[in-house]
Amino acid sequence: MNYERQTINHIQDLIRGGEGISTEFKTCRNQLNRDVYETVCAFLNRHGGTLLLGVKDSGEVQGVSPDAIQQIKKDFVTAINNPQKLTPATYLSVEKVEVNEKTVLHIYVPESSQVHRCNGRIYDRNEDGDFDITDHTVQVARLYQRKDASFSENKIYPWIQVADLRADLIEKCRNYVRIKAKDHPWASMDDLQLLQSAGLYLTDPFTKESGVTLAGTMLFAPDLLILRVCPAHRTDLILRKVNVDRYDDRDLVRTNLLDSYDRILAFVKKHLPDPFYLEGIERRSLRDTIFREVASNMLIHREYASGVPARLIIEYGQVTTYNANRPHGFGALNPNTFAPFPKNPTLGAFFREIDRADELGSGMRKMMLYGKQYGGADPQLIEGDIFQMIVTVPEFGENPAEIPDITQVGAEVKAHDTPEVTPEVMKMLGCMSGEMTRGEIMQRLGLKDEKHFREQYQQTGIRLGIIEMTIPDKPRSSKQKYRITEKGKKMLQGL
């Protein structure tokens, strides 16, 4: 099943589910319904949602008139980018989908981290639709409080102004959107106007102080200013295949999110294969498609108020990422029932606008669709205080960690021979039981020289694949222990 077919199935499932707090149908046969923008405003203020144009309230697919499609798309994009219609302005894409041989326009509206107004009025969402809460002081106050409590990206730093940011990075993004659309509003804005339009420069509704937000700082500030605002910010990129105790290659990234994105993808391209894959008559890079989503997810869904650094670890046969998270559940995510939740909506919208991320939800669908074809297994996404992604990747050779170092083992290993095991390693296997610390194993062996034990016993056993660490992603953990693998157990049984 290709991505287009998967998208159609997703739209059909939404239609069958009917309208609700996160789904709205609009007929829009020849022009936009007048209340479309009120729904967009309500979705932005609540938990986001999907807007389907060309579908009746009953769920009947009427379709948008082919002659009106381009004008409807143009009118919609122009209006939501107009601060006189929607404040703050936002940027949403309109996707054309053929359902039952009729054209439906699909618009996904992510939850915003800001409070929006449509024609000067504030709308919220419930099961019955959109409702105007402008004159309900308590409800408006609760809406502001909920946004402030949920999204740290909007924290305002009055002492950081546009002049403190890197003008070259702002211009770089302005050039990105010019390539995307020559008449994009950002193309003609000055730096302050662009930041305000993107929600990266705000005014506190209570103190009335204005400044660059945390999101704007992470995107455009010089490195020293970023680390002053967010001292723990770093993305640790690690290759660990041969030297499993430490690493074979590493890039410690402590810079703005735009350059961080490029360095993540560069590290992946350096160390992961990209086997030939043909979709229809076009070649698709499965590696780039999957890890584009991985890179953007690591950056735009991270909880930057946390002191936990992000990590991407490339090991034999898999890549694992770890990201600080403000969870909305715990455990493995089911792609069939998963409801996307934006952790940093402003950052997410900005990355989508400069084509560094897909629409919320569609990126995960692509990742799940192509992940198994790339590595042979479905990617795993695990929600928690630390969000994990595990992606299986193809390998075209023997695991280097299981090939003994001849200088360490002291035996000549021919290309197709089974590696020989040293007497020291066999002695270690014979004294191990269950899970043991390095000190416990050394004590049983009667050894005191830690370097000698590590080089002649532990590392050789790991390279041969006959012992393994209980916490492989943290080789230096104080809680690290070792155990015999199935291969090691069979070796002992054979003797």
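Okay, let's start with one residue: Gln-31 has 60% relative accessibility, so it counts as exposed, the cut-off being over 50%. Keep in mind that what we're looking at is a predicted model. Where does Gln-31 sit? You'll find Gln-31 in the loop that runs between strand S1 (23-26) and helix H2 (36-45). If you pick out Ala-141 as well, the two C-alpha atoms are 35 Å apart, with these positions 110 residues apart along the chain.

Now let's zoom out. The protein chain has 495 residues, and 51% of them count as buried. On the secondary structure side, we get 17 helices and 22 strands. Along the principal axes, the C-alpha atoms fill a box of roughly 80 × 55 × 40 Å. And if you take the contacts with a separation of 6 or more, 65% of them come from residues 24 or more positions apart.

Next up, the sheet I'd like you to look at. It's an open one with seven strands and mixed pairing, and the order goes S13-S12-S16-S17-S20-S19-S18. The edges are S13 (249-253) and S18 (331-332); each has a single partner strand, so one side of each has no neighbour in the sheet. Further in, S17 (residues 318-324) pairs with S20 (residues 386-392) in the antiparallel sense, over seven bridges. One of the residues to click on there is Thr-321, whose bridge partner in S20 is Met-389.

So what packs on this sheet? Helix H9 does, touching S12 (235-239), S13 and S16 (310-315), and its direction makes about 175° with that of S13. Then there's H10, which lies across S12, S16, S17 and S20 and runs at about 170° to S20.

Let's stay with H10 for a second. Is H10 largely enclosed or largely open? Well, 13 of its 15 residues are buried, so H10 is largely enclosed by the rest of the structure. From first C-alpha to last, H10 reaches 21 Å, close to the 21 Å expected at 1.5 Å a residue.

Last bit: how the two helices meet. H9 (residues 257-271) and H10 (residues 286-300) pack at an angle of about 145°, and their axes are 10 Å apart. The crossing is right-handed. On the H9 side, the residues in contact include Leu-257, Tyr-261, Ile-264 and Val-268, and on the H10 side they include Arg-287, Phe-291, Ala-295 and Leu-299. By class, that contact comes to eight nonpolar, two polar and four charged residues.

How values were computed. Residues are numbered from 1 along each chain as its sequence is written. This is a predicted model: local features need pLDDT of at least 70, side-chain atom pairs count only at pLDDT 80 or more; totals for chains, interfaces and linings use all residues. Side-chain values use heavy atoms; hydrogens and water are left out. Axes are lines fitted to C-alpha atoms, for helices over the stretch in contact, and angles run from 0 to 180 degrees between N-to-C directions. Helices (H or I, at least four residues) and strands (E, at least two) are DSSP runs, numbered from the N terminus. A crossing is left-handed if the near helix is turned anticlockwise from the far one by less than a right angle, and right-handed if clockwise. Contact means heavy atoms within 4.5 Å. Ala, Val, Leu, Ile, Met, Phe, Trp, Tyr, Cys and Pro count as nonpolar, Asp, Glu, Lys and Arg as charged, and the others, Gly among them, as polar. Buried means under 20% relative accessible area, exposed over 50%, partly exposed in between (1.4 Å probe, protein chains only). The expected span of a helix is 1.5 Å times one less than its number of residues. Two strands pair if DSSP finds at least two bridges between them.
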